[in-house]
Amino acid sequence: MATLLIAEDDEDIAIVLARVCKRAGLDVLRAPDGQAAFEMIVEKHPDALLTDLGMPRMDGWELIRKVREHPEVGHMPVAILTGQLAPGDPRAAEAEACAVLLKPCPNDQLLATIRALLQNGPHEHDQRCEV
């Protein structure tokens with residue numbers, strides 16, 4: 001079973017995301033902020049990361065940067081789920097995110113994106129990396 005780490009500081013949103021993903025057959029880890037997420041990633045090596053951007057202690061941008069710089073987990077597929085970006089915002093590509101989902105995101109779109117990330121698996125990242 002594939003493991004997804006959800007980094008989301010809003011507890012209600014995190015619960016709903018986890019429920020949707022668990023019902024789809026994923027093993028789900030949750031972190032309330034970027035620092036906790038990074039520590040879980042290094043310790044548990046999940047198969048993919050779904051992260052919000054606006055979080056305490058370490059925001060999503062910094063989390064993605066630290067993941068990309070880490071030698072053991074740097075190739076992990078990462079999706080951003082946020083209400084803070086406009087479609088086509090270049091910062092997502094610059095951060096080497098594989099996908100961007102805008103809140104509110106329909107469950108079928110969320111799951112299709114996560115499945116695509118998991119199917120791609122760990123891979124090299126550059127500014128053309130998209131799902």
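What radius of gyration does the chain have, against the one a compact globule with 131 residues would have? The chain has 13 Å and the globule would be near 14 Å, which agrees; the radius is taken over C-alpha atoms, and the globule rule is 2.2 Å times the number of residues to the power 0.38.

Before clicking around: this is a predicted model, where local features need pLDDT of at least 70, side-chain atom pairs count only at pLDDT 80 or more, and totals for chains, interfaces and linings use all residues. Residues are numbered from 1 along each chain as its sequence is written, and side-chain values use heavy atoms, leaving out hydrogens and water.

Switch to cartoon and trace β-α-β-α-β-α-β-α-β-α along the sequence. Helices (H or I, at least four residues) and strands (E, at least two) are DSSP runs, numbered from the N terminus.

Now select the strands: five of them make an open, parallel sheet, ordered 2-1-3-4-5. Strands pair if DSSP finds at least two bridges between them. Look at the edges, where strand 2 (27-31) and strand 5 (99-102) each have a single partner strand, so one side of each lacks a neighbour in the sheet.

Zoom in on strand 1 (residues 3-7), joined to strand 2 by five bridges. Pick Ile6 there: its bridge partner in strand 2 is Arg30.

Next, select 34-44. That's helix 2, packing on the sheet and touching strand 1, strand 2 and strand 3 (48-51); contact means heavy atoms within 4.5 Å.

Last stop, 107-120: helix 5 packs on the sheet too, touching strand 1, strand 3, strand 4 (78-82) and strand 5.

Definitions and conventions: Axes fitted to C-alpha atoms, helices over the stretch in contact; angles between N-to-C directions.
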